[in-house]
Amino acid sequence: VIGGCTDSGCGQTSVQIYDPATNSWHRGAAYPRPVAWQSCGAIQARIYCAGGVTSATATTDAAYAYSPAAGRWTAISPLPDRLWGSGYAASGGKLLISGGVTGGFTVLTSQGFAYDPGSNAWTALPAAPAALYRGGSACGFVRVGGSGAGNGNTWVGSAEQLPGYDACGHATVPWLAESATSLTIQPGHSVTVTVTMHTNALAQPGTYTAGLAVGQDTPYPAAEIGVRLTATTPA
C-alpha cells in the first residue's frame with residue numbers, strides 16, 4: 001500500500017507491505033514524495049509507480065521503482081504526462097497506464113502509456129474508447145467503470161479491454177524453456193510438457209527461481225508451478 005489519502009488530505013509517503021506467509025504488515029521505505037492516485041504494478045520482483053496527486057493543488061509525472069530486497073526506491077524515466085486516477089496494470093513485463101485526469105484536476109483523457117523496465121522508456125498505447133478516471137482495472141488489459149465527470153458524481157458501468165496483454169505480470173525467463181507453449185487436452189487425457197533449464201543463459205552462479213504460469217480456458221484453476229535452478233561455480 002503506497003501513499004493515499006487521510007483526514008489531513010491526499011498525498012502521503014507511507015509504504016505498508018503485507019506478508020501472506022506471516023499474515024502481518026510492516027513498513028517499507030517511504031515513497032520519494034507525497035502521492036495518491038498513482039499507477040503501480042509489480043514486474044520481476046520490483047514495484048513500479050508513476051504519476052499521481054502530490055497535494056490538493058499539484059500533480060506529478062515522476063516515476064519510481066522499488067526493490068523489496070534492497071528496501072529502496074530508484075527514480076526511473078518520468079511518465080510522458082501528469083496523470084492520476086488512471087487505470088493501470090502490470091502485464092507482459094510492462095506497466096500499463098490508461099486514462100485518468102491530466103492538466104491538473106479538470107481534464108479527463110483517454111490516452112495511455114506503457115513502461116518497459118528493460119529500456120527504461122515509455123511508449124504510447126492506443127487511446128481508450130472512453131475518457132474515465134477512478135475506475136477498476138486489471139491485467140488483460142481491462143478497465144471497468146469509473147467516472148466520466150470532473151466532479152466525480154457521474155459514474156459509468158462500461159468495461160473495456162486492450163488486446164495483446166494477457167500475460168498478467170509474467171515475462172520470459174531466459175534460462176527456462178518448455179517443449180510446448182500451447183496444447184489441447186481432451187477430457188480424461190493428459191499431456192506431458194518437458195521443462196528445460198539452461199545455465200549458459202546465466203551471468204553468475206547462484207540460485208534462481210521462477211514461476212511457470214499456465215493459462216487456460218476451463219472453469220478449473222491452474223496453479224503456478226515453482227521452478228528452482230541452482231548454478232554452481234565452474235571448476
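Here are some informal notes on a four-stranded sheet and a cavity in this predicted model.

1. Ground rules. The model is predicted, so to speak a computed object throughout: local features need pLDDT of at least 70, side-chain atom pairs count only at pLDDT 80 or more, and totals for chains, interfaces and linings use all residues. Numbering starts from 1 along each chain as its sequence is written, and side-chain values use heavy atoms, with hydrogens and water left out.

2. The sheet. Four strands line up as β9-β10-β11-β12 in an open, antiparallel sheet. Strands here are DSSP runs (E, at least two residues), numbered from the N terminus, and two of them pair if DSSP finds at least two bridges between them. At the edges sit β9 (87-91) and β12 (121-125), each pairing on one side only. From one strand to the next the twist averages 25°, with axes being lines fitted to C-alpha atoms and angles running from 0 to 180 degrees between N-to-C directions.

3. The β10/β11 hairpin. Strand β10 (residues 94-102) runs antiparallel to β11, and seven bridges join them. One pair to look at is Gly 100, whose bridge partner in β11 is Thr 109. Four residues lie between the two strands, and Gly 103 in that turn has a positive phi of about 65°.

4. The β11/β12 hairpin. Strand β11 (residues 107-116) pairs with β12 over five bridges, again in the antiparallel sense. Asp 116 faces Ala 121 in β12, while Gly 112 stands opposite Leu 125. This hairpin also has four residues between its strands, with Asn 120 in the turn at a positive phi of about 50°.

5. The cavity. Searching the whole structure turns up one cavity of 30 Å³ or more, where a cavity is a set of points on a 1 Å grid over the protein atoms alone at which a 1.4 Å probe fits but cannot get out. Its volume is about 60 Å³, taken as the space filled by probe spheres set on the points, which are joined across faces, edges and corners.

6. The lining. There are 13 lining residues, and Leu 132, Tyr 133, Gly 135, Arg 143 and Gly 145 are the closest to the centre; lining means having an atom within 4 Å of a point. Strand β14 (residues 140-147) contributes the most, with four residues. By class the lining has three nonpolar, seven polar and three charged residues; Ala, Val, Leu, Ile, Met, Phe, Trp, Tyr, Cys and Pro count as nonpolar, Asp, Glu, Lys and Arg as charged, and the others, Gly among them, as polar.

How values were computed. On a 1 Å grid over the protein atoms alone, a cavity is a set of points where a 1.4 Å probe fits but cannot get out, and a pocket is an open set with protein on both sides within 12 Å along at least five of seven lines; lining residues have an atom within 4 Å of a point.
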